[in-house]
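Here's a quick tour of a single protein chain, looking at its helices, its core, one of its pockets and a loop with some unusual backbone angles. Have a look at the model first.

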Amino acid sequence: MEAGSLDVTDLHPALKTAQIDAVRGELKALEAEIRAYERLRAGEVKRFDVESLAELPMALIHARIAAGLTQRQLADRLGLKEQQIQRYEATRYDGASFSRLVDVADAIGLKVRKRLELLEPAAPTAILQRL
């Protein structure tokens with residue numbers, strides 16, 4: 001793009017700049033994801049802070065990676081097929097029971113420490129924040 005591959009179009013220079021900036025932003029985000037994944041795989045991350053139960057599924061996925069477990073190894077520990085773990089992770093454990101999440105955490109070797117705080121009576125606010 002920067003080398004001029006967009007020059008042959010009738011694209012306005014401001015749009016070309018915007019496209020280049022968008023691609024740079026995506027590249028930067030992907031590089032950050034790769035660095036985070038590499039830190040997990042290297043075992044550099046041992047603690048996963050979550051601010052809500054909604055963040056638990058992603059923490060389980062990250063913890064599996066940090067523990068050096070493949071999806072197949074986790075499935076074996078749980079007596080499941082690898083495809084089930086793949087589905088769980090692809091959907092961020094949507095549809096998994098709470099007891100299944102507990103089983104996954106146990107199979108990974110996670111110790112969960114979470115302080116629960118009661119929100120103000122305006123509970124709908126908490127729901128809106130989550131959305």
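Just after α2, Gly68 takes a positive phi of about 80°. Before going on, a word on provenance: this is a predicted model, where local features need pLDDT of at least 70, side-chain atom pairs count only at pLDDT 80 or more, and totals for chains, interfaces and linings use all residues. Residues are numbered from 1 along each chain as its sequence is written, and side-chain values use heavy atoms, with hydrogens and water left out.

**The chain overall**

The protein chain has six helices and zero strands; helices here are DSSP runs of H or I with at least four residues, strands are E runs with at least two, and both are numbered from the N terminus. Buried residues make up 22% of its 131 residues, where buried means under 20% relative accessible area, exposed means over 50% and partly exposed is in between (1.4 Å probe, protein chains only). Among contacts (heavy atoms within 4.5 Å) with a separation of 6 or more, 45% come from residues 24 or more positions apart.

**Helix α2 and the core**

Helix α2 covers residues 56-66, and eight of its 11 residues are buried, so it is largely enclosed by the rest of the structure. The buried ones are Pro57, Ala59, Leu60, Ile61, Ala63, Arg64, Ile65 and Ala66. They pack against α1 (13-41), α3 (71-78), α4 (82-90) and α5 (98-108).

Leu60 turns up again in the largest nonpolar core, which has 20 residues. Such a core is a set of buried Ala, Val, Leu, Ile, Met, Phe, Trp, Tyr and Cys residues joined through side-chain atoms within 4.5 Å. Leu60, Leu74, Leu78, Ile85, Tyr93, Val104 and Ile108 touch the most other members. The elements that give two or more residues to this core are α2, α3, α4 and α5. In soluble globular proteins, nonpolar side chains tend to be buried together.

**The loop between α4 and α5**

Which residues in this loop have a positive phi although they are not glycines? Arg92 is one, and Tyr93 is another. Most residues other than glycine have a negative phi.

| Residue | Phi | Relative accessible area |
|---|---|---|
| Arg92 | about 55° | 45%, partly exposed |
| Tyr93 | about 65° | 4%, buried |

Both Arg92 and Tyr93 sit in the loop between α4 and α5. Leaving aside residues up to four places away in sequence, Tyr93 touches Pro57, Leu60, Ile61, Leu74, Tyr88, Leu101 and Val104. Thr91 is in this loop too, and is partly exposed at 39% relative accessible area. Thr91 and Pro57 are 34 residues apart in sequence but 9.2 Å apart in space, C-alpha to C-alpha.

**A pocket on α1 and α2**

The second largest pocket is lined by Glu33, Ala36, Tyr37, Arg39, Leu40, Val45, His62 and Ile65. (On a 1 Å grid over the protein atoms alone, a pocket is an open set of points where a 1.4 Å probe fits, with protein on both sides within 12 Å along at least five of seven lines; lining residues have an atom within 4 Å of a point.) Helix α1 gives the most to this lining, with five residues, and α1 and α2 each supply at least two.
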